[in-house]
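User: Please take a close look at a single part of this structure, and explain how it sits among its surroundings. I would like one connected answer in plain words.

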Amino acid sequence: MKRIVVLLTLFALFGSFAGLQAAEGVKPEATAERDARMKWWREARFGMFIHWGVYSVAAGEWKGQHVRNAAEWIMNSADIPVAEYEPLAKRFNPVKYDPAQWVKLAKDAGAKYIVITSKHHDGFCLFDTETTKWDVVDATPYGKDLLKPLSDECRRQGLHFCTYYSIMDWHHPAQQHGPKTYNPTKIIPERKAEYIEYMKTQLKELLASCDPEVLWFDGEWPDWWTEEDGRNLYNFLRELRPAIIVNNRVGKGRAGMEGLNKKDREYSGDFGTPEQEIPATGIPGVEWESCMTMNDTWGFHKYDTNWKSSEKLIRNLVDIASKGGNYLLNVGPLADGEIPPASVERLEAIGRWMKINGESIWGTTASPFAALNWGRATVKTSAAGTTLYLHVFDWPSDGKLLVPGLRNEVRGAKLLANGESLELSSDKKGAVIQLKDKPVDPIDTVIVLTLEKAPEIVK
Ligand code: H79
């Protein structure tokens with residue numbers, strides 16, 4: 001038997017200073033300050049992503065043709081000239097838009113924050129901006145800012161309001177593209193400074209009107225956007241809003257996640273952003289959030305009915321939490337403001353599970369186990385002790401659940417759903433919990449183990 005006892009404690013991965021090096025204007029950030037800034041985001045574990053824009057009008061179809069691929073990429077995928085794309089805005093009139101209902105939907109699902117596209121790659125702004133007429137106020141029959149009411153509603157209902165923003169912009173005249181694709185853009189070198197000013201002005205407007213708590217950048221991959229540009233933009237935002245949280249795509253962080261591991265933090269941004277994937281073992285030493293779709297598109301696509309099951313989505317949430325990450329789950333509303341019924345149904349199913357089992361997700365940290373053949377685990381630590389949540393996906397046929405290598409004295413075991421206590425014994429492989437014949441919830445039945453101290457696992 002291996003005698004290596006792994007003691008899981010919280011440790012300061014970045015040493016005493018977690019902030020960016022050579023951050024002009026932004027003071028280096030002590031670990032305690034960073035912890036305070038990241039606190040709500042770390043505890044949230046679940047957020048709702050919203051992709052909405054004039055591409056929602058096209059909804060995956062152009063000139064009668066079904067355009068495959070993500071609906072928000074249609075301008076690129078169907079190679080639509082700017083002059084032909086712009087009239088879509090005339091048909092963007094979200095009369096059914098109900099921010100209170102959207103926020104309630106997210107909240108009832110158990111999400112703690114919302115991230116919405118303020119500007120996607122097509123450059124169209126969902127907020128009021130003086131920098132361009134290519135925004136919802138000036139270019140659509142709706143004529144009103146869409147984000148301010150949503151941010152107000154988030155605050156009213158106690159959710160954190162956050163915005164997505166694309167650096168690449170297919171509409172801005174400073175950026176050019178190849179003959180057959182918009183992606184990636186090139187910048188007209190003498191107009192780069194002007195475009196950066198344009199972004200900064202828009203971001204200032206957005207901060208002033210909506211005060212987003214996360215700035216979620218994307219479209220950072222064109223060669224003209226550099227890591228230095230990213231750092232400058234990061235610092236610009238942190239100076240304006242010291243508490244703001246910014247994703248790694250502000251700079252070239254996606255290409256170099258490993259850089260975030262280093263003590264001197266080579267790359268800008270506060271968290272990693274795996275897209276449409278869950279890292280096999282999490283990302284040690286890095287905070288991260290997996291963004292994923294319910295079907296195969298971000299923006300609404302009328303031909304995409306490839307919906308994942310509620311079971312899959314719930315288990316994704318649990319899987320991600322067990323690896324120490326956040327789940328940012330997308331919805332793509334229709335141009336009229338309706339959230340697709342298939343998405344609503346799934347959010348409601350997640351909500352039903354979260355209503356009973358939410359405490360095993362919010363505020364938890366990663367599993368102390370290398371792997372569990374029946375499911376996942378999450379941990380919650382408080383002054384009173386430690387709670388180990390066991391998420392049973394595959395119910396053991398003999399009713400005996402082995403918690404491999406657990407050395408702690410266990411104060412008690414119970415079902416989270418109904419508080420029923422469970423019998424515990426131990427054998428040389430670890431703790432054994434006696435279960436009933438049937439799961440409480442076939443998707444994931446949660447068992448609560450109360451421990452005196454942090455889990456001690458023999459691997
Ligand atoms: O906003 C969502 C996507 O539009 C965006 N990020 C998420 C959050 C995104 N950026 N890059 N990608 C998605 C992957 C890019 C895939 C591409 Fe393609 C392959 C671009 C061109 C070829 C997918 C397929 C989009 C168009 C065709």
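Analyst: **Helix H7 and its surroundings**

In this predicted model, the cover over the buried residues of helix H7 includes strand S2 (46-50), helix H5 (99-109), strand S5 (113-119), strand S6 (160-166) and helix H8 (192-210).

Which residues of H7 are buried? H7 spans residues 147-157, and its buried residues are Leu147, Leu150, Ser151, Glu153, Cys154 and Gln157. They sit on the same side of H7 because they cover an arc of only 165° around the axis. Just after H7 comes glycine 158, which has a positive phi of about 85°.

H5, one of the elements that cover H7, can be described in a similar way. Its buried residues are Pro99, Trp102, Val103, Leu105, Ala106 and Ala109. Down the axis of H5 these residues fall within an arc of 155°, so they line one face of the helix. Among the elements that cover them are S2, S5, H7 and helix H11 (341-357). H7 therefore appears in the cover of H5, just as H5 appears in the cover of H7. After H5 comes glycine 110, whose phi is positive, near 100°.

S5 is named in the cover of both helices. The loop between S5 and helix H6 (136-139) holds threonine 132. Is threonine 132 buried or exposed? Its relative accessibility is 15%, and because buried means under 20%, threonine 132 counts as buried. A polar atom of its side chain lies 2.9 Å from the backbone nitrogen of tryptophan 134. Apart from neighbours within four places in sequence, threonine 132 is in contact with Cys125, Asp138, Tyr198 and Gln202. Two of these, Tyr198 and Gln202, carry numbers that fall in H8 (192-210), which is part of the cover of H7.

How far can the model be trusted? The mean pLDDT of the protein chain is 92, and 92% of its residues reach 70 or more. Over residues 1-23, however, the pLDDT is below 50, although this stretch has 51 contacts in the model beyond near neighbours in sequence. Where pLDDT is low, the predicted coordinates should not be read in detail.

Terms used
Residues numbered from 1 in each chain as written. Predicted model: local features only at pLDDT ≥ 70, side-chain atom pairs only at ≥ 80, totals over all residues. Heavy atoms only, no water. pLDDT = per-residue confidence, 0-100. Contact = heavy atoms within 4.5 Å. Buried < 20%, exposed > 50% of the residue type's maximum accessible area, 1.4 Å probe, protein only. Helix = DSSP H or I, 4+ residues; strand = E, 2+ residues; numbered from the N terminus. Arc of directions from axis to C-beta. Polar contact = N/O pair within 3.5 Å; in protein donor to acceptor, adjacent residues only side chain to side chain.
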